[in-house]
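Here's a quick walk through this model, from the overall picture down to the individual pieces. Have the 3D view open as you read.

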Amino acid sequence: MSGEKYVAEVELTSTICAACGVAFAMPSHMEAELRRTHSGFYCPSGHSLSFTAKSGDEKLREELETAKRRIQDFEAERDRRREQTAKARDARRRKLRAVS
Ligand SMILES: [Zn+2]
């Protein structure tokens, strides 16, 4: 049946269309999911929109990946220097043995 009325409590989050400026709202859980997935949606006037800003989780994940890469680079540099030092030490020992 159509035209029936009902009352419900729904949490809504408002947003503004970047193309036409119309303010509209959607269920908060939907807004959070759209921000998380960056999926597209439409304003009431039909403009195609998406939330492009990175979420807090995405920023933290990127910072973590950057930190992991820096650690790997640091460890690779440390290992390279250790190898150089060991080779130089071996060369000095060989030289000393040849002299004595
Ligand atoms: Zn619009």
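## Contacts and overall shape

Let's start with contacts: if you take the pairs in the protein that sit at least 6 residues apart in sequence, 18% of them join residues at least 24 apart. Keep in mind that this is a predicted model.

So how far does the C-alpha trace of the protein span along its principal axes? It covers about 105 × 30 × 20 Å. The radius of gyration tells a similar story: the protein has 30 Å, while a compact globule of 100 residues would come in near 13 Å. As for burial, 0% of the 100 residues count as buried.

## How the pieces are ordered

In secondary structure terms, you're looking at two helices and four strands. Reading from the N terminus, the order is β-β-α-β-β-α.

The protein is also split into two domains, with domain 1 covering 12-50 and domain 2 covering 54-100. Measuring between centres over C-alpha atoms, domain 1 and domain 2 are 48 Å apart.

## The hairpin at the start

Strand S1 (residues 12-16) pairs with S2 in the antiparallel sense, and five bridges link the two. One of the pairings to look for is Leu12, whose bridge partner in S2 is Pro27. Together S1 and S2 make a hairpin, with six residues between them. Check out Gly21 in that turn: its phi is positive, at about 85°.

Is strand S2 (residues 23-27) largely in the open or buried? None of its five residues is buried, so S2 lies largely in the open. To count as buried here, a residue needs 20 or more other C-beta atoms within 10 Å of its own.

## The helix at the end

Helix H2 takes in residues 56-99, which makes 44 residues. How does its span compare with what you'd expect at 1.5 Å a residue? The expected figure is 64 Å, and the end C-alpha atoms of H2 are 64 Å apart, so the two agree.

H2 is also open to its surroundings by the burial count: zero of its 44 residues are buried, so the helix lies largely in the open.

## How confident is the prediction?

The average pLDDT for the protein is 94, and 99% of the residues score at least 70. Which elements have the lowest and highest mean pLDDT? H2 has the lowest, at 94, and strand S3 (residues 40-42) has the highest, at 98.

Note on methods
Residues numbered from 1 in each chain as written. Predicted model: local features only at pLDDT ≥ 70, side-chain atom pairs only at ≥ 80, totals over all residues. Buried ≥ 20, exposed ≤ 12 C-beta atoms within 10 Å, placed from the backbone. Pairing = 2+ DSSP bridges. Domains from an automatic or database assignment. Expected span 1.5 Å × (residues − 1). Rg over C-alpha atoms; globule rule 2.2 N^0.38 Å. Contact = placed C-beta atoms within 7 Å. pLDDT = per-residue confidence, 0-100.
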